[in-house]
Amino acid sequence: MDGLSTTAIDTFQEQGYLIVRDIYDHETLQAVRNSISVQLDAECHRLIKQRLLTDTDALWNDPFETRFGDIIHRLDPMSQAQKQLLQAMQNLFLTGRFDHASIDSEKSGLRIENTLLRCIRYKRLLDVVKSLIGPDLIGSSTFRIRGKIPIWEPGRELPYFPGEVPWHQDAGYMLAHCDPHLIITCWIPLVNATINNGCMYVLPRKFEDGIITHHYGRDDRYIWINENNLPSGDPIPIEIEVGDVLLLHNMTPHASFDNNSGVTRWSMDLRYGSLTMPNNVNEDPESYTTERPSESMACAPTEADFVVSDSKNPQREIRDGKLFADLRFRYAKQHVHPGRGWTRREPESRPTT
Ligand SMILES: O=C(O)CCC(=O)C(=O)O
């Protein structure tokens, strides 16, 4: 496969989303799963040393699919141990804002920056993305690794808690001057995604209408679109398997709901735009001040963008995991994000499908 067929490109442009099957080989994604497990081991060792977790509750030999959620459920809801472990594992996207437990040096190849960068630079994925955006790509700063916990009830008081993600357009998180730019989210399951375990839902064909009003005010910091403002039509559940990828336009409304299974729904969402989109490559994070005009800023200014593909200057491409992590960590203290003026509201109710 060298990119998308014309029919697939047309489908993406009409529907605002596209499922591409069998992009990744098993090994590339298994390496990320191993990185997650190695980090989980390190976090458990630290909690055991702090006497916040017992050796039995670390479930060392349990399968990747169930282990994290089961450990979380063995801990008291919202206890220090539960919060610490959730924050550690929801913060695997290299912001430098969480002090992760160190992993053994002999496992350094499995550090998340190495295995994740391999996924971000995976040729078959880049061929697909290039057929929509063009040959030169920025890796957008906001990529995430998410573990959606089974039957999550403790509440929404943690930032980016591991349950439902309300209806939104990704553009809603980016600055308004970026709306005309195509930024593609590649949503990549690390376990098979099903309705039962909280797969993604999309509302297709609505992205041409541009940005919809969002609100903020949830403790988990997710923004949302009120149900009465959502475009009409039936949401489509995206049940896809490990190896498949869901592509989303930055204007396509999407959401994901509760995980009612026994499996933690691990996934990654990576984002790409053209080299010409507003970005912070080579920008000093200290140049982000509250006085700076927002139109001069990167689309998501609090995390570092990076060059994925530059056909004229390939030496600018970030290919080394350590370099990748260092570049991201430079932005650890950059918190200036002027937002786009969404109104603060109490959530009306839990979103439904
Ligand atoms: O993974 C999820 O459940 C939600 C992801 C999402 O909303 C996104 O990637 O924009």
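## Domains, core and ligand shell of a predicted model

The C-alpha centres of domain 1 and domain 2 lie 24 Å apart in this predicted model. Domain 1 is made of two segments, 6-24 and 121-344, and domain 2 covers residues 31-109.

**Where the domains meet**

Contact between the domains involves 22 residues of domain 1 and 21 residues of domain 2. On the domain 1 side, strand E3 (144-148) and helix H7 (321-329) each contribute at least two residues. The largest share, 4 residues, belongs to E3. By class, this side of domain 1 comprises 15 nonpolar, 3 polar and 4 charged residues.

**Overall fold**

The chain contains 7 helices and 13 strands. Its radius of gyration is 19 Å, close to the 20 Å that the globule rule gives for 353 residues, so the chain is as compact as a globular protein of that length. The C-alpha trace spans about 50 × 50 × 45 Å along its principal axes. Among contacts with a separation of 6 or more, 83% join residues 24 or more positions apart. Of the 353 residues, 42% are buried.

**The nonpolar core**

In soluble globular proteins, nonpolar side chains tend to be buried together. The largest nonpolar core here has 90 residues, of which Cys186, Leu246 and Leu247 touch the most other members. Helix H2 (residues 26-49) supplies the largest share of this core, 6 residues. Both domains take part, since the core draws at least three residues from each of domain 1 and domain 2. Leaving aside residues up to four places away in sequence, Leu247 touches Phe12, Tyr17, Leu18, Val20, Ile184 and Cys186.

**The shell around the ligand**

The residues around the ligand are Arg146, Lys148, Val165, Asp170, Thr185, Trp187, Met200, His254, Ser256, Ser267 and Asp269. Strands E3, E5 (184-189), E10 (254-256) and E11 (265-274) each give two or more residues to this shell. Strand E3 thus appears in two settings: it gives residues to the ligand shell, and it supplies the largest share of the side of domain 1 that touches domain 2.

The table sets out the residue classes of the two sets described above.

| Set | Nonpolar | Polar | Charged |
|---|---|---|---|
| Side of domain 1 that touches domain 2 | 15 residues | 3 residues | 4 residues |
| Shell around the ligand | 3 residues | 4 residues | 4 residues |

How values were computed:
Residues numbered from 1 in each chain as written. Predicted model: local features only at pLDDT ≥ 70, side-chain atom pairs only at ≥ 80, totals over all residues. Domains from an automatic or database assignment. Contact = placed C-beta atoms within 7 Å. Nonpolar A, V, L, I, M, F, W, Y, C, P; charged D, E, K, R; others polar. Rg over C-alpha atoms; globule rule 2.2 N^0.38 Å. Buried ≥ 20, exposed ≤ 12 C-beta atoms within 10 Å, placed from the backbone. Core = buried A, V, L, I, M, F, W, Y, C linked by C-beta atoms within 7 Å. Near = placed C-beta within 6 Å.
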